[in-house]
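Reader: I would like to learn how to read a structure like this one. Could you take me through it step by step?

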Protein chains: 4
Amino acid sequence: MLDELRARVLEANLEIVRRGLVLYTFGNASGIDRVTGLVAIKPSGVPYDTMTAADMVVSDLHGKVIEGELKPSSDLATHLELYRAFPAIGGIVHTHSEFATAWAQAGREIPPYGTTHADYFYGPVPVTEDLSAEEIQGEYVLNTGKAIVRRFRNLDPEAVPGVLVAGHAPFAWGRDPMQAAYHGVVLESIARMAYYTATLNPGTRGVSQALLDRHYFRKHGAKATYGQ
Amino acid sequence: MLDELRARVLEANLEIVRRGLVLYTFGNASGIDRVTGLVAIKPSGVPYDTMTAADMVVSDLHGKVIEGELKPSSDLATHLELYRAFPAIGGIVHTHSEFATAWAQAGREIPPYGTTHADYFYGPVPVTEDLSAEEIQGEYVLNTGKAIVRRFRNLDPEAVPGVLVAGHAPFAWGRDPMQAAYHGVVLESIARMAYYTATLNPGTRGVSQALLDRHYFRKHGAKATYGQ
Amino acid sequence: MLDELRARVLEANLEIVRRGLVLYTFGNASGIDRVTGLVAIKPSGVPYDTMTAADMVVSDLHGKVIEGELKPSSDLATHLELYRAFPAIGGIVHTHSEFATAWAQAGREIPPYGTTHADYFYGPVPVTEDLSAEEIQGEYVLNTGKAIVRRFRNLDPEAVPGVLVAGHAPFAWGRDPMQAAYHGVVLESIARMAYYTATLNPGTRGVSQALLDRHYFRKHGAKATYGQ
Amino acid sequence: MLDELRARVLEANLEIVRRGLVLYTFGNASGIDRVTGLVAIKPSGVPYDTMTAADMVVSDLHGKVIEGELKPSSDLATHLELYRAFPAIGGIVHTHSEFATAWAQAGREIPPYGTTHADYFYGPVPVTEDLSAEEIQGEYVLNTGKAIVRRFRNLDPEAVPGVLVAGHAPFAWGRDPMQAAYHGVVLESIARMAYYTATLNPGTRGVSQALLDRHYFRKHGAKATYGQ
């Protein structure tokens, strides 16, 4: 069971590298086994090209390392907070992919400018509030997770599978580690097209609610028609 | 006959991947045999790297599947509407290529800023009107095709081999599937250069009618001189 | 002699492809043997990946084809006008490379924003005037060459080895075909950095005359110190 | 000892090529052996793909060549000035990487817009003042080094491992040649994301001092927690 989880978490980590979202050791992916509550995550600061499934670090939902020789990703506490708050998700990726990071740095949510966006995010990609100095000086990584959870108070993390942490970078998630990676890749593409759109025509409004509904529910929910 | 059509449609689908216009399973290409009126199109949501010619789905002009085990692309009804309305075209591609999509999302037609554009598009690349809520909630995919056809009421689809669907992405076409793919690739390049041009000098006007004529008719029509 | 010229012209054509300046069959490179006055140039509309040295077309300085089965590039008359007017140059490339083309489309010369520019261009990269309707409807390709030559009335083509044709794209040249290709590649890089510079700070002025002198003469003329 | 230094300097030169920071022969990396005070640097104008460790040129801290058949990089005097003034550094890279160069050409320091920046640069990436005509006409390369050193009068080169030379391009450094290359690569990525941020939202302010402290000291100093 843990072997399979580690293998899938490794695959998600490699996917964000293959798709150009990662420079050096930046970024990390994790996955959770909801039966045991165990989380596997990339180790901290290890090069991707020599990493194996056995290097993935396994911890419980409170950050206690259960298996693994290496230190877990320094972002572990953020991942755990999201797993605790969003019971429907099974995988998370965090990257510093360039366009999503630019929107995060600019402190702007990404409006749903088109159907590519609407196919995956049912509304804007939200931005967290800035953390206070106290939150930064305290349990910063955990508090980053809490800021994300606060931002989702009135949002469904299944309908909006990602977020921009203000002044930092994106997190994306999904039902399993590979879908989380997939959402991270799609988010970067959406962010890139939204950048070109916003600079080409600063007054662009997002798509209509009707179009947002049509595209989102084409791929999600009981009436989805896309795919085989 | 159908084997050849499927092979050519596969090739066009692979060309848009090779040229970087496709992320994951986004995008699709189709072709029509005008003698039988049969259309071959990429299946829905299938990965490009394992796709074979036999996976292409064949339907008649009204969307009835004639051959193929898989579901056709969810955009089939748009393709069919274009084949019905534009008798001179033999292939269509739809992509979410990033710069053409940005212009579509910004709701701006692409002006003919230079001779690269004029070599392929005899005038601006047009944008459709937004679909109404009724059109979106009804036969949305078909209505997308109808919006394109309406936009071409006074345009020649052979002289303007592509369009931007507002808030969505481009469609391009040609005399056969590979030329449709070629036009899709050229459209993305034109869109990219036009983006840089418009942001560098927002007041740029398009080329003169004389230059548009000269370049377009250098490559098209009875007096074309380009190529062997 | 002609074999060597054709081989060098082929190499220059392949260099602009390898460096990402070419989409499909766009662009062309040529070279001249100043002893015989013979020019070798890429054939029109032929794919780069199957092209051989034997496909290069040889013409005299007045456009009469001397050797070669294929039609020469449709831009031949522009190349010939430059060879006639600029006796010091031995090779020319024409591309639609994206950033240089964007400046050409925007009708803006590229200011010498930094030392990368000053290392190769002793002053701005100039833009031609628009051609008149008569010039376009007449011998258009030749008139494009004449517009470039007019623009260089008070410029030294050895000190400024390239130009932007307004509403069209760049030409670059050098002492031989490979140096022409090299200047075409450097011009695209300069154009790209100048685009980012101009959009980041529209008020940016070019480098001082002192810096322009220092960098240009570090690599050019009797006192050059760069290289082995 | 010198063999190892040359090998490490070669590796740093190859790293900036692999990461896309180099066009043709632009850019150079060097390293110093602090025991002997000997510096190894890339030779001037030599292609990267045939370069060997034996081609690295070794000079003393005053520019006297000790070993090597080739002429050293034309930027040697800048490197030496930095080694003399910043005793803690062991390697330097100079590139014309496109986004860092754009900020240098625009004469703008790069604000710390996010945590990627804060992980490596403890404050803005500074820009030097313009050199005077006298400095340019005199010992220009040395004076470039002096301008950098002046800019760091109140800055710690270990906390800010790079600089933008106005109207020119970046220099980056580190404890050894490979870390210098790493900082050069990270600087380009930071510059790229900052470009997108600044053009997306020109009013963006940098991160708070608390966030800058938290991220910088996560990776640096006695209390660093990142990595294994």
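Reader: How much area is buried between chain D and chain A?

Author: This is a predicted model, and in it about 2800 Å² is buried between chain D and chain A. Carbon and sulfur atoms give 56% of that area. On the side of chain D, D:Tyr196, D:Leu200 and D:Gln228 lose the most area to chain A, together 24% of what that side buries.

Reader: How many residues does the contact take from chain D and from chain A?

Author: Chain D gives 33 residues and chain A gives 30 residues. You can also look at what kinds of contact link the two chains. There are 20 residue pairs in polar contact between chain D and chain A. The rule also finds one salt bridge across this interface. In a salt bridge, the side chains of A:Glu98 and D:Arg192 meet at 2.5 Å, N to O.

Reader: Which elements give two or more residues to the side of chain D that touches chain A?

Author: They are helix 4, helix 7 (177-200) and helix 8 of chain D. Helix 7 of chain D provides the largest share of that side, with 12 residues.

Reader: Now I would like to understand how the copies are arranged. What is the general idea?

Author: Two copies of a chain are related by a rotation about an axis and a shift along it. Here, a turn of 90° and a shift of 0.0 Å along the axis lay chain D on chain A, with an RMSD of 0.0 Å. D:Thr199 comes closest to the rotation axis among the residues of chain D, with its C-alpha at 5.3 Å.

Reader: And by what turn can chain B be laid on chain C?

Author: By a turn of 90°, with a shift of 0.0 Å along the axis and an RMSD of 0.0 Å. These two copies are thus related as by a four-fold rotation axis. In chain B, the C-alpha nearest the axis belongs to B:Thr199, 5.3 Å from it.

Reader: Why do chain B and chain C meet through different surfaces?

Author: Look at how many interface residues recur: only 6% of those of chain B are also interface residues in chain C, so the copies meet through different surfaces.

Reader: How far apart are the nearest C-alpha atoms of chain A and chain C, which do not touch?

Author: They are 11 Å apart. Chain B and chain D do not touch either, and their nearest C-alpha atoms are 11 Å apart.

Reader: Let us move to burial. Is D:Gln105 buried or exposed?

Author: D:Gln105 is buried, since its relative accessible area is 7% and the cut-off for buried is under 20%. This residue lies in helix 3 (residues 98-106) of chain D. Leaving aside residues up to four places away in sequence, D:Gln105 touches residues of chain C, including C:Tyr113, C:Met193 and C:Thr204, as well as D:Gly167 and D:His168.

Reader: How many residues of helix 3 of chain C are buried?

Author: Nine of the nine are buried, so helix 3 (residues 98-106) of chain C is largely enclosed by the rest of the structure. Among them are C:Phe99, C:Trp103 and C:Gln105. In chain B, the buried residues of this helix pack against helix 4 (115-118) and helix 7 (177-200). In chain C, they pack against strand 6 (162-164), strand 7 (170-174) and helix 7 (177-200). Just after helix 3 of chain C, C:Gly107 takes a positive phi of about 70°.

Reader: My last topic is aromatic rings. What should I look at?

Author: A pair of aromatic rings is described by the distance of the centres and the angle of the planes. The structure holds 56 aromatic pairs over all chains. One of them is the edge-to-face pair of B:Tyr216 and B:Phe217, with 5.4 Å centre to centre and 80° between the planes. B:Tyr216 counts as buried at 6% relative accessibility, whereas B:Phe217 counts as partly exposed at 40%.

Reader: How many residues apart in sequence are the parts that the pair of D:Tyr122 and D:Phe217 ties together?

Author: They are 95 residues apart, because D:Tyr122 lies in the loop between helix 4 (115-118) and helix 5 (133-137) of chain D and D:Phe217 lies in helix 8 (residues 209-219) of chain D. This pair is edge-to-face, with 5.3 Å centre to centre and 65° between the planes. D:Tyr122 counts as partly exposed at 28% relative accessibility, and D:Phe217 counts as partly exposed at 40%.

Note on methods: Residues are numbered from 1 along each chain as its sequence is written. Chains are lettered from A and ligands numbered from 1 in the order in which they are written. Side-chain values use heavy atoms; hydrogens and water are left out. Rings of Phe, Tyr and Trp (its six-membered ring) pair if their centres lie within 6.5 Å; planes under 30 degrees apart count as stacked, over 60 as edge-to-face and the rest as tilted. Buried means under 20% relative accessible area, exposed over 50%, partly exposed in between (1.4 Å probe, protein chains only). Helices (H or I, at least four residues) and strands (E, at least two) are DSSP runs, numbered from the N terminus. Copies are superposed by least squares on the C-alpha atoms of residues with pLDDT of at least 70 in both. Contact means heavy atoms within 4.5 Å. Buried area is the accessible area (1.4 Å probe) that two parts lose on being put together, summed over both. A salt bridge is a side-chain nitrogen of Lys or Arg within 4 Å of a carboxyl oxygen of Asp or Glu. A polar contact is a pair of N or O atoms within 3.5 Å; within protein, one must be able to donate a hydrogen and the other to accept it, and residues adjacent in sequence count only if both atoms are side-chain atoms.
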